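Reader: I am new to this structure and would like to learn how to read it, step by step. Could you take me through some of its features?

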Amino acid sequence: MRSPVPPLIPSENTSHGPGLEGAVRPTLRVERLTAARIPTAHGELSLCLYANNLDDKDHLALVMGEVEGQESVLVRVHSECLTGDVLGSLRCDCRAQMEQALHTIAQERRGVLIYLRQEGRGIGLSDKLRAYNLQDQGYDTVEANWLLGHEADERDYSPAAAILKDLGPRSVRLLTNNPQKLQSLRDLGIAVADRVALETEVTPENAEYLRAKANRLHHILAAGRDDRPA
């Protein structure tokens, strides 16, 4: 049973706060610093490291095959999830989505996985763990973010768009269930020819999280739709 709604919890992450009124954000620029061959279970990829002029985050792109000038290139824009991607946490579907995306790209022998350094839908690792504690009290992932003073989703896809423009595909097929991500990339000038679904297994540990993504964040997922069991 959900506990009574607590007061707003102070957040240690101040990066999401509003900027100065009327301030104009500088234009984002990315720079490919280096690239290296990375042999993986999915095949050989090129790992490209990108810096940008707005913060100290190093974003990454895993590239398979020739993508410059190509049409309908498979692309996954994946946001960092230390707990899932690295530690194998079952609270989310992040690692499963990343692995499935790489498998799908490998089947076509061409594609890109962009790894954006924006943990916890942009709120940072510290507040993500605080959000987990609130979820254990019965709040869903959206409510937990709100209680910490964040938006439901604070991710910025402009680095991904800039990286794609550097890599040069003419159009992409986006591996995603998130219509906001799809529209954001289109608004940023990326020619998204199609969406490719990326549904993964529903487990007892991630079922409520997936229901919240479907019903609160409007992700295109079977879990939670029309009161169907996850």
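Author: The turns below go from the whole chain to a pair of strands, then to one residue and to the cores. Please keep in mind that this is a predicted model.

Reader: How many helices and strands does the secondary structure of the protein come to?

Author: The protein has eight helices and seven strands. Of its 230 residues, 45% count as buried, while the protein exposes about 12100 Å², of which carbon and sulfur atoms supply 51%.

Reader: In which sense do strand β1 and strand β2 pair?

Author: A general idea comes before the case: in a regular strand, the side chains alternate between the two faces of the sheet. Here, β1 (residues 30-40) and β2 (residues 43-52) pair in the antiparallel sense over 10 bridges, and the two strands form a hairpin with two residues between them. To find your place in this pairing, look for T34, which stands opposite L49 in β2.

Reader: Where is Y157 found, and why does Y157 count as buried?

Author: Y157 is in the loop between α5 (141-147) and α6 (158-167). Buried means under 20% relative accessible area, and Y157 counts as buried because its relative accessibility is 2%.

Reader: Which residues does Y157 touch, leaving out those up to four places away in sequence?

Author: With those left out, Y157 touches V77, L116, Q118, N178, K181, S184, L185 and L188. Take V77 as the case to follow: Y157 and V77 are 80 residues apart along the chain, yet their C-alpha atoms are separated by 8.4 Å. For the protein as a whole, among contacts between residues at least 6 apart in sequence, 62% join residues at least 24 apart.

Reader: Which residues have the most contacts inside the largest nonpolar core?

Author: A nonpolar core is a set of buried residues of certain kinds, such as Ala, Val and Leu, joined through side-chain atoms within 4.5 Å. The largest one here has 23 residues, and those with the most contacts inside it are A61, V75, V77, V112, I114, L167 and L185. Two or more residues of this core come from each of β2, β3 (59-64), β4 (73-79), β5 (111-116), α6, β6 (172-175) and α7 (179-187), with the largest share, five residues, coming from α6. A second, separate core has 13 residues, including L74, Y115, L175 and L198.

Reader: What does L185 touch, again not counting residues up to four places away in sequence?

Author: L185 touches V77, Y157, A160, A161, L174, I190 and V192.

Terms used
Residues numbered from 1 in each chain as written. Predicted model: local features only at pLDDT ≥ 70, side-chain atom pairs only at ≥ 80, totals over all residues. Heavy atoms only, no water. Pairing = 2+ DSSP bridges. Helix = DSSP H or I, 4+ residues; strand = E, 2+ residues; numbered from the N terminus. Buried < 20%, exposed > 50% of the residue type's maximum accessible area, 1.4 Å probe, protein only. Contact = heavy atoms within 4.5 Å. Areas by Shrake-Rupley, 256 points an atom, 1.4 Å probe, with all protein chains shown as cover.
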